[in-house]
Amino acid sequence: MSFIDVQNIKHSFNSLNVLNDISLRIKEGEFVSVIGPSGCGKTTLLKILGGLLPPSHGNITIKDSSLDIAIKRRDFGFVFQNPVLLPWRTVLQNIELPLEIIGDQTPFAESEKLLELLGLKGFGKYYPKALSGGMKQRVAIARALVFNPDILLMDEPFGALDELTRERLNLELLKIWEQTHKTIIFITHSISEAVFLSNRVIVLSERPAKIDEIKEIDLPFPRTIAVKQSKEYFQYITWLRNKLKKS
Ligand SMILES: Nc1ncnc2c1ncn2[C@@H]1O[C@H](COP(=O)(O)OP(=O)(O)O)[C@@H](O)[C@H]1O
Ligand SMILES: [Mg+2]
């Protein structure tokens, strides 16, 4: 049994073919990144994986269940490039918003833990306007974790951040992944980010996207900044860059 089993997904928007027969298996607890040319269909694939968009063709099973059941079980948390926080709600109120939307009235005991996990301790009563871009994205990640989903789907979550903030959030995300054992599917246009974070990197071709390559990243965990100085790290980046050029 695969944790996530993607079978022959095809998708078109009217006459525009976007995904061309994507099949993929992901193991529980894996960190998988997806890279590919701009406009090739990465966001479309992520939306289909999380049940936000029904595919034109194909099937997805999560822990041997249909997507409908997986959604009801709240198997997914989403993080997008734009954190989309409500400016009139505090950090804590933003994190707890999904609970309110489903009418969960019980006080949420895990909030403090989430603040701590995301390095937001002491910021619960702040409003979004007082936060940096990196802090806002931490809040968005905490909100995605509020139902304790097994799977985190992330679409270029750090794409709008400066290099140093991005590097810090990469390390934080790895720490969260190691502590919580989530399965993470992470879209990025940064080859180096994909290599640094992942167990496997999936390279998509030009639209209509198919899987060009699946590359195992055999770098040691826990990954530290030192990994970025290793010969192997550069070799993976070079290899993937060449693959992307040819796609
Ligand atoms: N809702 C939609 N209706 C029509 N075309 C769409 C829609 N969403 C995306 N597209 C098109 O599908 C292609 C793939 O988009 P997307 O998945 O966002 O690519 P990526 O995330 O790889 O940049 C693009 O050409 C985009 O314009
Ligand atoms: Mg996209």
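**Exercise 1. The hairpin.** Which residue in strand 2 does Phe13 stand opposite? Work out how strand 1 is paired on either side.

*Solution.* This is a predicted model, in which local features need pLDDT of at least 70, side-chain atom pairs count only at pLDDT 80 or more, and totals for chains, interfaces and linings use all residues. Residues are numbered from 1 along each chain as its sequence is written, chains are lettered from A and ligands numbered from 1 in the order in which they are written, and side-chain values use heavy atoms, with hydrogens and water left out.

Step 1. Phe13 stands opposite Leu16 in strand 2. Helices (H or I, at least four residues) and strands (E, at least two) are DSSP runs, numbered from the N terminus.

Step 2. Strand 1 (residues 4–13) and strand 2 (residues 16–26) run antiparallel and are joined by seven bridges. Two strands pair if DSSP finds at least two bridges between them.

Step 3. Look at the turn. The hairpin has two residues between the strands, and Asn14 takes a positive phi near 50 degrees.

Step 4. Strand 1 is also joined to strand 4 (residues 57–62), antiparallel, by five bridges. There, Asp5 stands opposite Thr61.

**Exercise 2. The six-stranded sheet.** In what order do the strands of the open sheet of six strands lie? Then place strand 8 in it.

*Solution.* Step 1. The order is 6-7-8-3-9-10, and the pairing is mixed.

Step 2. Find the edges. Strand 6 and strand 10 (211–216) each have a single partner strand, so one side of each lacks a neighbour in the sheet. On average, neighbouring strands are turned by 15 degrees against each other, direction ignored.

Step 3. Take the partners of strand 8 (residues 183–187). Strand 3 (residues 31–35) pairs with strand 8 in the parallel sense over four bridges, and Ser33 has Phe186 as its bridge partner. Strand 7 (residues 151–155) pairs with strand 8 in the parallel sense over five bridges, with Leu153 bridged to Ile185.

Step 4. Trace the connection. From strand 7 the chain crosses through helix 7 (residues 163–180) to strand 8, a right-handed β-α-β crossover. Right-handed means that, with the strands pointing away from the viewer, the path from the first strand over the helix to the second runs clockwise.

Step 5. Check both faces. In a regular strand the side chains alternate between the two faces of the sheet. In strand 8, Thr183, Ile185 and Ile187 are buried on one side, and Ile184 and Phe186 on the other. Buried means under 20% relative accessible area, exposed over 50%, partly exposed in between (1.4 Å probe, protein chains only).

**Exercise 3. Two covered helices.** How many of the residues of helix 6 are buried? Do the count for helix 1 as well.

*Solution.* Step 1. Helix 6 (residues 133–144) has 12 residues and reaches 17 Å from its first C-alpha to its last, close to the 16 Å expected at 1.5 Å a residue. The expected span is 1.5 Å times one less than the number of residues.

Step 2. In helix 6, 10 of the 12 residues are buried. Among them are Met135, Arg138, Ile141 and Arg143.

Step 3. The cover of these buried residues includes strand 6 (76–79), helix 5 (111–117), strand 7 and helix 7.

Step 4. Six of the eight residues of helix 1 (residues 42–49) are buried, so helix 1 is largely enclosed by the rest of the structure. Lys42 and Thr44 are among the buried ones, as are Leu45 and Ile48. Gly51 follows helix 1 and has a positive phi, near 75 degrees.

Methods: Contact = heavy atoms within 4.5 Å. Axes fitted to C-alpha atoms, helices over the stretch in contact; angles between N-to-C directions.
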